[in-house]
Amino acid sequence: QKPSTLHENQVVLLTKAEQAEQDAAQLHSQKVVHGTLMIVVGSALHAGSYVWSEFVLTGPHALTIFQNTGLQAVVATAIMVLWQCVYTIPRWKALIAIPARQAHTTWLAAMGLLC
């Protein structure tokens with residue numbers, strides 16, 4: 001075998017760098033698509049809540065404003081608790097513990113700021 005030349009090493013290095021750049025661009029575009037879909041779904045759900053509220057407040061079995069507010073609070077709380085259980089808790093270390101440690105605090109101290 002003939003020994004590698006500096007030029008061949010540079011070509012290999014550039015090829016790997018270009019591939020890494022393409023991979024990063026593809027990952028970025030996937031995140032953009034994912035974010036766009038989340039915004040569209042969130043907007044549709046938000047818009048639907050107004051339609052649903054109108055139906056609930058004026059339909060044949062209309063709720064009072066207080067009943068409607070209470071129902072929406074219960075549903076919003078249930079969705080938030082479900083999100084915490086399905087998304088946040090499995091990723092607790094990456095989303096909460098490590099950033100708190102990097103900020104030289106604890107998650108409990110950070111929660112105190114919210115109260």
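Author: Buried means under 20% relative accessible area, exposed over 50% and partly exposed in between, using a 1.4 Å probe and protein chains only. We're looking at a predicted model, in which local features need pLDDT of at least 70, side-chain atom pairs count only at pLDDT 80 or more, and totals for chains, interfaces and linings use all residues. Residues are numbered from 1 along each chain as its sequence is written, and side-chain values use heavy atoms, leaving out hydrogens and water.

Reader: Which element of the protein has the highest mean pLDDT?
Author: Overall, pLDDT (the predictor's confidence in each residue, from 0 to 100) averages 86 here, with 96% of the residues scoring at least 70. At the bottom among the elements sits H4 with a mean of 84, while the top one, at 93, is H2.

Reader: How far apart are the ring centres of Trp52 and Phe55?
Author: The structure holds three aromatic pairs. Trp52 and Phe55 form a tilted pair, with planes at 35° and ring centres separated by 5.7 Å. (Rings of Phe, Tyr and Trp, the last by its six-membered ring, pair if their centres lie within 6.5 Å; planes under 30 degrees apart are stacked, over 60 edge-to-face, the rest tilted.) Back to the number you wanted for Trp52 and Phe55: 5.7 Å.

Reader: Which helix holds both Trp52 and Phe55?
Author: Helices here are DSSP runs of H or I, at least four residues long, numbered from the N terminus. Trp52 and Phe55 are three residues apart, about one turn of their shared helix, which spans residues 6-58 and is called H1.

Reader: Is Trp52 buried or exposed?
Author: The relative accessible area of Trp52 comes to 52%. With that value, Trp52 counts as exposed.

Reader: What is the angle between the ring planes of Trp92 and Trp107?
Author: The centres of the Trp92 and Trp107 rings lie 5.2 Å apart, and the pair is edge-to-face because the planes meet at 85°. Trp92 is in H3 (residues 92-102) and Trp107 in H4 (residues 107-114), so the pair ties together parts 15 residues apart in sequence. As for solvent, Trp92 is partly exposed at 32%, and Trp107 is also partly exposed at 42%. The plane angle for Trp92 and Trp107, then, is 85°.

Reader: How far is Trp107 from Ser29 in space, C-alpha to C-alpha?
Author: Leaving aside neighbours within four places in sequence, Trp107 is in contact (heavy atoms within 4.5 Å) with Trp92, Ile96 and Ala100. Along the sequence, Ser29 and Trp107 are separated by 78 residues, and in space their C-alpha atoms are separated by 32 Å.

Reader: Which residue shares a 2.7 Å side-chain polar contact with Ser53?
Author: Ser53 is placed in helix H1 and counts as buried because its relative accessibility is 14%. Beyond four places in sequence, Ser53 is in contact with Asn68 and Gln72. A polar contact needs N or O atoms within 3.5 Å, within protein one able to donate a hydrogen and the other to accept it, while residues adjacent in sequence count only if both atoms are side-chain atoms. At 2.7 Å, the side-chain partner of Ser53 is Gln72.

Reader: How long is the polar contact between the side chains of Thr88 and Gln84?
Author: Thr88 belongs to helix H2, residues 65-88, and is buried because its relative accessibility is 11%. Not counting residues up to four places away, Thr88 touches Trp83 and Leu95. Its side chain also meets that of Gln84 in a polar contact of 3.1 Å.

Technical notes. Helix = DSSP H or I, 4+ residues; strand = E, 2+ residues; numbered from the N terminus.
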